[in-house]
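Let's walk through this structure together, from its charged pairs to its cores and a few backbone details. Have the sequence and the 3D view open as you read.

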Amino acid sequence: MSNIVAVNGEATVTVPAGESIAVFTQGEAQVSRTIGFPNYPDQTTLIGTVKNGQTVFGSYSSGATIVVESTGSQPVFYEVGTTPQVQQLRLNAQVQGDPTNIADGGSMAFTPAALLSGIVTATPTAGRNIQLPTGAALDAASEFAIGDSFDFSLVTLAAFALTITVNTGVTIVGAPATAGTSGAPARFRVRKTAADTFVVYRIA
């Protein structure tokens, strides 16, 4: 579940090296970065304002200290990871970002960012398998507590089926394939069950 900053509150967040921070609000938030210098006081500089949506800051190759401040009339949510996605972005506002298209080929794979985009499409020229990310890669992508979940849809844009396949730390329950009809969708729920471990359920 996403971290929350109450109205008029603020949070100081340590972003590990190589990761980013996603900030979402239906109001307004200011995001600043604190930088320390030897023998000088820390300096905090505004790096962006988030209004009624999500903004991702980073990645930060050496890590960063980020201050998230609620400056509007709504709480602010944030998550840290390699491809962070605030869950409340869709739960509270029904916002849908750009779908992810996976290029056709003999070796097709989802990235964590593709799954977190919510809608994944492909135009296969034959029946294709698409491999899920590892559980470790998914766990690093955003902040998931045990029991957290998110949904995604897979849509084939040609008259061939797309079949999701397992990976280390990720299993599938239910039918893993779309129909072999252009425009056929399949809906899945991804649930964290332990560290670096997820189960993907077919739900529609």
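A salt bridge here is a side-chain nitrogen of Lys or Arg within 4 Å of a carboxyl oxygen of Asp or Glu. Before using it, please keep in mind that this is a predicted model, in which local features need pLDDT of at least 70 and side-chain atom pairs count only at pLDDT 80 or more, while totals for chains, interfaces and linings use all residues. Residues are numbered from 1 along each chain as its sequence is written, and side-chain values use heavy atoms, with hydrogens and water left out.

The structure holds 5 salt bridges. One of them joins Asp104 and Arg128, whose side chains meet at 2.8 Å, N to O. Asp104 sits in the loop between β7 (100-102) and β8, and Arg128 in strand β10, so this pair ties together parts that are 24 residues apart in sequence. Strands, like helices, are DSSP runs numbered from the N terminus (strands are E, at least two residues; helices are H or I, at least four). For accessibility, buried means under 20% relative accessible area, exposed means over 50%, and partly exposed is in between (1.4 Å probe, protein chains only). Asp104 is partly exposed because its relative accessible area is 32%, whereas Arg128 counts as buried at 19%.

A second salt bridge connects Asp151 with Arg189, with 2.7 Å between the closest N and O atoms. It links distant parts of the chain: Asp151 belongs to strand β11 (residues 149-156) and Arg189 to strand β14 (residues 185-194), 38 residues apart. At 16% relative accessibility Asp151 is buried, and at 35% Arg189 is partly exposed. Arg187 joins these two residues in a network of salt bridges.

Now find Lys51, which forms a salt bridge with Glu28, the closest N and O atoms being 3.9 Å apart. Here strand β4 (residues 40-60) supplies Lys51 and strand β3 (residues 19-37) supplies Glu28, 23 residues apart. Lys51 is exposed at 58%, while Glu28 is partly exposed at 26%.

Next come the sheets. Strands of a sheet pair through backbone hydrogen bonds, either parallel or antiparallel. Two strands count as paired if DSSP finds at least two bridges between them. By this rule, 3 strands form an open sheet in the order β8-β10-β12, with parallel pairing. Its edge strands, β8 (108-109) and β12 (162-165), each pair on one side only. Strand β10 (residues 128-131), home of Arg128, pairs with β12 over 4 bridges, and Ile130 has Ile164 in β12 as its bridge partner.

Elsewhere, strand β5 (residues 64-70) has antiparallel partners. It pairs with strand β2 (residues 10-15) over 6 bridges, where Val15 is matched with Ala64. It also pairs with β3 over 6 bridges, with Arg33 opposite Ile66. Because 5 of its 7 residues are buried, β5 is largely enclosed by the rest of the structure.

What fills the interior? A nonpolar core is a set of buried Ala, Val, Leu, Ile, Met, Phe, Trp, Tyr and Cys residues joined through side-chain atoms within 4.5 Å. The largest has 24 residues, and Phe110, Phe152, Leu154 and Val200 have the most contacts inside it. Among the elements that each supply at least two residues of this core are α2 (112-116), α3 (135-141), β11 and β14. Apart from it lies another core, of 17 residues, including Val5, Val23, Phe57 and Val76.

A charged residue can also be enclosed: Glu79, in strand β6 (residues 76-81), is buried because its relative accessibility is 0%. A polar atom of the Glu79 side chain lies 3.1 Å from the backbone nitrogen of Glu143.

Finally, look at the backbone. Most residues other than glycine have a negative phi, and most peptide bonds are trans. Gly58 and Ser59, however, are joined by a cis peptide bond with omega about 10 degrees. Asn8 has a positive phi, near 70 degrees, and lies in the loop between β1 (3-5) and β2; it is exposed at 63%. Asp196 also has a positive phi, about 60 degrees, and is found in the loop between β14 and β15.

Technical notes
Polar contact = N/O pair within 3.5 Å; in protein donor to acceptor, adjacent residues only side chain to side chain.
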